[in-house]
Structures are given as C-alpha cells and as structure tokens.
Amino acid sequence: MRDRTDAVRERGFTDHVLVCTHDRDSEYACCAGAGGEAVLDAVRTWLRDRDLFWSDVYVAETSCLGLCSADGAAVAIHPRGRWYADVTPGDVPELLGREFGTREIVEE
C-alpha cells in the first residue's frame, strides 16, 4: 500500500465528484436506469471544457450512493459533503456551475 495523499494534493486536487451508475435487477429504481451514464458523461464534459478534469477535480463512477430514484442519478461532491439526487444531464451545468463557479470554457 502506498499513501499518495501528498502527490494528489500537490497536483492541485480540490474535489471528487462521484456519479452513481449502479444497475440492479430489481423492482426498485437505480441510477443506471435513470440516466447515470449520461450524467457521468455530462459531468466529464463540463469539467473538460473548463480544463478541470483530472486537475482540480477528480470524477469517479460509483455503485449505489443510497439516493435511488427513477428521476435521475445520484451525485456526491467531496470533501464538500454535497449530495444530490434526481440529477439529469441537463442539470449538470447548473449543479457544477454552482459548486465550482461559472468558469469560462477553455479555448484550445
């Protein structure tokens, strides 16, 4: 086991966005069935467009975050301690803009 905490922080890491894409064979709602993959793609795109992906902010696809809904995916942002349910791809710009500021899109 290696402790990489210092190396991650030295690279400027500030936050971790967790997006549930959990699928289950059940009568109950799950994020995979509620567009979790599309939300994950929207999060990655928003961060990449602002040059934040894998620099300031890390993104991880997760299993169940315990906020199951048929209306959208669950998203958590740490270490901020922010938890969102019913997130759709269309919600991502507002959600991330509120959390990380409305940073301008980086022009290549």
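How far apart are the mean positions of the 12 positive and 21 negative charges of the chain? In this predicted model, the two mean positions are separated by 6 Å.

**Figure 1. Overall view of the predicted chain, with its helices and strands.** The chain contains 3 helices and 4 strands. Read from the N terminus, these elements follow the order α-β-α-β-β-β-α. The radius of gyration is 14 Å, close to the 13 Å that the globule rule gives for 108 residues, so the chain is as compact as a globular protein of that length. Along the principal axes, the C-alpha atoms occupy a box of roughly 45 × 40 × 25 Å. Buried residues account for 37% of the 108 residues. Of the contacts between residues at least 6 apart in sequence, 62% link residues at least 24 apart. The chain has an accessible surface of about 6600 Å², and carbon and sulfur atoms contribute 47% of that area.

**Figure 2. Close-up of the cysteines C20, C30 and C31.** The whole structure holds 0 disulfides. For C20, the nearest cysteine sulfur is that of C31, at 3.5 Å; a disulfide would require the two sulfur atoms to lie within 2.5 Å. C30 likewise takes part in no disulfide, and the nearest cysteine sulfur, again that of C31, is 7.1 Å away. C20 is buried, its relative accessible area being 1%. C30 also counts as buried, at 10% relative accessibility.

**Figure 3. Close-up of T62 in strand 2.** T62 belongs to strand 2, which covers residues 57-62. With a relative accessible area of 18%, T62 is buried, the limit for that class being under 20%. Apart from neighbours within four places in sequence, the contacts of T62 are with L18, V19, C20, T21 and H22. One of these residues, C20, is itself buried.

**Figure 4. Close-up of helix 3 and the elements against which it packs.** Helix 3 comprises residues 92-100. Its buried residues are V92, L95, L96, G97, E99 and F100. These buried residues pack against strand 1 (15-20), helix 2 (36-49), strand 2, strand 3 (73-78) and strand 4 (82-87). E94, which also lies in helix 3, is by contrast exposed, with a relative accessible area of 55%. The C-alpha atom of E94 is 29 Å from that of R24, a residue 70 positions away along the chain. Just after helix 3, G101 adopts a positive phi of about 85°.

**Figure 5. Close-up of the cis peptide bond between H78 and P79.** Most residues other than glycine have a negative phi, and most peptide bonds are trans. The bond from H78 to P79 is cis, with omega near 10°. P79 is located in the loop between strand 3 and strand 4.

**Figure 6. Close-up of D51 and D86, two residues with positive phi.** D51 has a phi near 60°, a positive value in a residue other than glycine. This residue sits in the loop between helix 2 and strand 2. D51 is exposed, with a relative accessible area of 53%. D86 likewise has a positive phi, near 60°, and is not a glycine. D86 is part of strand 4. At a relative accessible area of 35%, D86 is partly exposed.

Technical notes:
Residues numbered from 1 in each chain as written. Predicted model: local features only at pLDDT ≥ 70, side-chain atom pairs only at ≥ 80, totals over all residues. Heavy atoms only, no water. Buried < 20%, exposed > 50% of the residue type's maximum accessible area, 1.4 Å probe, protein only. Helix = DSSP H or I, 4+ residues; strand = E, 2+ residues; numbered from the N terminus. Rg over C-alpha atoms; globule rule 2.2 N^0.38 Å. Contact = heavy atoms within 4.5 Å. Areas by Shrake-Rupley, 256 points an atom, 1.4 Å probe, with all protein chains shown as cover. Lys, Arg positive; Asp, Glu negative; His and termini not counted. Charge placed at Lys NZ, Arg CZ, Asp CG, Glu CD.
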